[in-house]
Amino acid sequence: MTSTPTLTFNDGHTIPQLGYGVWQVEDDVAEKVVRQAFEAGFRHVDTAKIYGNEAGVGRAIASSGLRPEELFITTKLWNADQGYESTLAAFEESMDRLGLDTLDLYLIHWMQPKQDKFVDTWKALIELQKRGRVRSIGVSNFTVEGLQRLIDETGVVPAIHQIELHPYFSQRELRAFGAAQGILTQAWSPLGQGGELLGDPAVTGIAAKHQATPAQVVIAWHLAIGNVVIPKSVTETRIHENFAALDFALDSEDLEALNGLDKSAQGEGRIGPDPAVSDFA
Ligand code: NAD
């Protein structure tokens, strides 16, 4: 079976570059599809408290026969739990649901700029890492300014930043900031949630050229530009298809065409909320 390439964090730990995301997967379905993902070859799973499926992911881990050290599990601190003490408590609840002793990666899910508790929350993640409860700590849905505040006020640089990122919204500024600071970039909604992007003539043309599928082309683009990527599917054939994106590589002409699809200069391309202005419970 193809083994997944890994990238190395600024703390020395590694992360499989391709993982499996479980947003909008019901808890009772999560156990089945995460097991299917393991069977396809995935060893990295991305969940969150707010997804309501940490317990299902935990059952899949427990029944998989895989040892914890063979897996890479991420979960995220929800917005309502931000703050130092509440983060420590929410972390333990997530770990109980997952059935794990040590977590690979814990992320602050959203910056929540108006709530403005993210620096205290980050201090709690630093404490959890010091206690050995979590190997690596990072954030999701921050701005350059927010990342800079974490660094300036604590001296601890996040290992990774998980953000909306796909060819229509390629996040050049945040990727460049991450590269300069030693923060890996992780792409959420990497397939553009399976919408228009997968039917884009540039994507389908490259797929035909490589006898690959549009989803595989987009995943291969993420891998080629250095992203950690976590596509989601609850369809077993697609789970296998997405993992098999590791089996081929794009050429420089393909990459140039895909890099040219970004719509952010026209103020378009973003699917989800803008972290700079979004605060929600
Ligand atoms: P995605 O871009 O991974 O798209 C998933 C959808 O694409 C599927 O529901 C399906 O409709 C389609 N699809 C998947 N594989 C396909 C294939 N091979 N062929 C054709 N269509 C296919 O979207 P996502 O679920 O939003 O993002 C992936 C993961 O990122 C999530 O599951 C979650 O783990 C994470 N995420 C994080 C945040 C955050 O705020 N940090 C937000 C959204 C998602």
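A polar contact here is a pair of N or O atoms within 3.5 Å. I wrote that down before opening the model, which is a predicted one.

**Entry 1: polar contacts of the ligand**

I started with Asn242. An N or O atom in the side chain of Asn242 sits 2.8 Å from a nitrogen atom of the ligand. That distance falls within the 3.5 Å cut-off, so I logged the pair as a polar contact. Next I looked up Tyr51, where a polar side-chain atom is 3.4 Å from a ligand nitrogen atom. Gly194 takes part through its backbone: one of its backbone N or O atoms is 3.4 Å from an oxygen atom of the ligand. I then checked how well the ligand is covered. On its own the ligand has 830 Å² of accessible area, and the protein covers 88% of that.

**Entry 2: the shell around the ligand**

Which residues come nearest to the ligand? I found Asp46, Ser140, Ser189, Leu191 and Asn242, out of 27 residues around the ligand. So Asn242, noted above for its side-chain contact, is on this list as well. I sorted the shell by class and got 11 nonpolar, 11 polar and five charged residues. Helix H9, residues 236-243, gives the most to this shell, with three residues.

**Entry 3: the pocket**

Where does the ligand sit? I checked, and the space it takes is the largest pocket. I noted a volume of about 760 Å³ for this pocket. There are 36 lining residues, and Trp23, Gln24, Ser189, Gln193 and Lys232 are the closest to the pocket centre. I was pleased to meet Ser189 again, as it is also among the residues that come nearest to the ligand.

By class, I have the lining down as 18 nonpolar, 14 polar and four charged residues.

**Entry 4: helices in the lining**

Which helix gives the most to the lining of the largest pocket? My note says H9, with three residues. Helix H8 (214-224) belongs in the entry too, since H8 and H9 each supply at least two lining residues. I closed the page with H9 marked twice: it gives the most to the ligand shell and the most to the pocket lining.

Note on methods:
Residues numbered from 1 in each chain as written. Predicted model: local features only at pLDDT ≥ 70, side-chain atom pairs only at ≥ 80, totals over all residues. Heavy atoms only, no water. Near = heavy atom within 4 Å. Polar contact = N/O pair within 3.5 Å; in protein donor to acceptor, adjacent residues only side chain to side chain. Areas by Shrake-Rupley, 256 points an atom, 1.4 Å probe, with all protein chains shown as cover. 1 Å grid on protein atoms, 1.4 Å probe; cavity = no way out; pocket = protein on both sides within 12 Å on 5 of 7 lines; lining within 4 Å. Sits in = over half its atoms within 2 Å of the grid points. Helix = DSSP H or I, 4+ residues; strand = E, 2+ residues; numbered from the N terminus. Nonpolar A, V, L, I, M, F, W, Y, C, P; charged D, E, K, R; others polar. Points joined across faces, edges and corners; volume = space filled by probe spheres on them.
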